[in-house]
Amino acid sequence: MKQTGILLTLLASMTLVLVVACGGGQEAPPALQESALPPPPPPGAVVSEPLAAPQPPPPVRQEAMTPPPASGSVWVPGYWGWENGWQWKAGHWEQPPQRMTAWVPGQWVQEGQHWVWRPGHWQ
C-alpha cells in the first residue's frame with residue numbers, strides 16, 4: 001500500500017515535469033520578423049555570442065594546430081567574435097557527435113548595415 005502511494009506520487013511528479021518542460025500548454029510568443037533573426041543553428045552547432053557586429057571582421061588568423069588529443073578528433077578553426085570589439089576565439093580540437101564527421105566553419109555575412117554570425121556546425 002505504501003509502495004503504491006510512492007509510485008503514484010512519483011508518476012504525478014514526472015507528469016508535472018513533462019508538462020512544464022513542454023511549455024505547459026502556453027502559446028508561443030509572437031514570432032519576430034524572419035529577416036531580423038539568423039536561422040537557428042543545426043543540431044550539434046557551436047554557437048558564439050553575440051550574433052551581430054556593426055563592422056566587418058578582420059582577416060582570419062593563421063593558427064598552428066596542436067597534435068590531436070585523441071583519435072577521431074577534428075580541428076575546429078578559430079574565428080573572430082564580437083564583444084564590443086573584435087576578439088579572436090582560438091581554434092581547438094573536438095570529438096564529432098555520433099554520425100557527424102565534418103565540421104563546417106562559421107562565417108560572418110553582411111546583412112544591410114550589420115555583419116551577422118552564421119555559426120559553424122557538424123554535418
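Where is Gly 112 found? Gly 112 sits in the loop between β7 and β8, and from that position one can work outward through the rest of the structure. This is a predicted model, in which local features need a pLDDT of at least 70 and side-chain atom pairs count only at pLDDT 80 or more, while totals for chains, interfaces and linings use all residues. Residues are numbered from 1 along each chain as its sequence is written, and side-chain values use heavy atoms, with hydrogens and water left out.

The protein has one helix and nine strands, where helices (H or I, at least four residues) and strands (E, at least two) are DSSP runs numbered from the N terminus. Along the sequence the pattern reads α-β-β-β-β-β-β-β-β-β. Confidence is expressed as pLDDT, the predictor's confidence in each residue, from 0 to 100; its mean for the protein is 73, and 59% of the residues reach 70 or more. Among the elements, helix α1 (residues 2-21) has the lowest mean pLDDT, 41, and β4 has the highest, 96. Over residues 1-38 the pLDDT is below 50, and beyond near neighbours in sequence this stretch has six contacts in the model, a contact being heavy atoms within 4.5 Å. Where pLDDT is low, the predicted coordinates should not be read in detail.

The loop that holds Gly 112 belongs to a hairpin of β7 and β8 with two residues between the strands, and there Gly 112 takes a positive phi near 65°. Gly 112 counts as exposed because its relative accessibility is 60%; on this scale buried means under 20% relative accessible area, exposed over 50%, and partly exposed in between, with a 1.4 Å probe and protein chains only. Although Gly 112 and Pro 54 are 58 residues apart in sequence, their C-alpha atoms are 10.0 Å apart in space.

Strand β7 pairs with strand β8 (residues 114-118) in the antiparallel sense over five bridges, pairing being assigned if DSSP finds at least two bridges between two strands. Within this pair, Trp 117 of β8 is the bridge partner of Trp 108, and Val 116 of β8 is that of Val 109. On to β1, then: two bridges join it to β8, again running antiparallel, and Trp 115 in β8 is the bridge partner of Ala 53. The three strands thereby form an open antiparallel sheet in the order β1-β8-β7. Because β1 (52-53) and β7 (107-111) stand at the edges, each with a single partner strand, one side of each is left without a neighbour in the sheet.

A second hairpin is built from β3 (residues 79-82) and β4, which pair in the antiparallel sense over four bridges; in β4, Trp 86 is the bridge partner of Trp 82. Three residues lie between these strands, and Asn 84 takes a positive phi near 60° in this hairpin. In a regular strand the side chains alternate between the two faces of the sheet. Strand β4 (residues 86-89) has a covered face, formed by Trp 86 and Trp 88, and an uncovered one with Gln 87 and Lys 89.

The largest nonpolar core has eight residues: Ala 53, Trp 80, Trp 82, Trp 86, Trp 88, Trp 108, Trp 115 and Trp 117. Such a core is a set of buried Ala, Val, Leu, Ile, Met, Phe, Trp, Tyr and Cys residues joined through side-chain atoms within 4.5 Å. The elements giving two or more residues to this core are β3, β4 and β8.

The loop between β1 and β2 (74-76) contains Ser 73, and Pro 67 has its place in that loop as well. Ser 73 counts as buried because its relative accessibility is 15%, whereas Pro 67, at 69%, counts as exposed. The side chain of Ser 73 reaches the backbone oxygen of Ala 70 at 2.8 Å. Leaving aside neighbours within four places in sequence, Ser 73 is in contact with Pro 68, Trp 93, Glu 94 and Gln 95. The C-alpha atoms of Pro 67 and Trp 93, which are 26 residues apart along the chain, are separated by 8.9 Å.

For the protein as a whole, 20% of the 123 residues count as buried. Among contacts between residues at least 6 apart in sequence, 52% join residues at least 24 apart.

Conventions
Polar contact = N/O pair within 3.5 Å; in protein donor to acceptor, adjacent residues only side chain to side chain.
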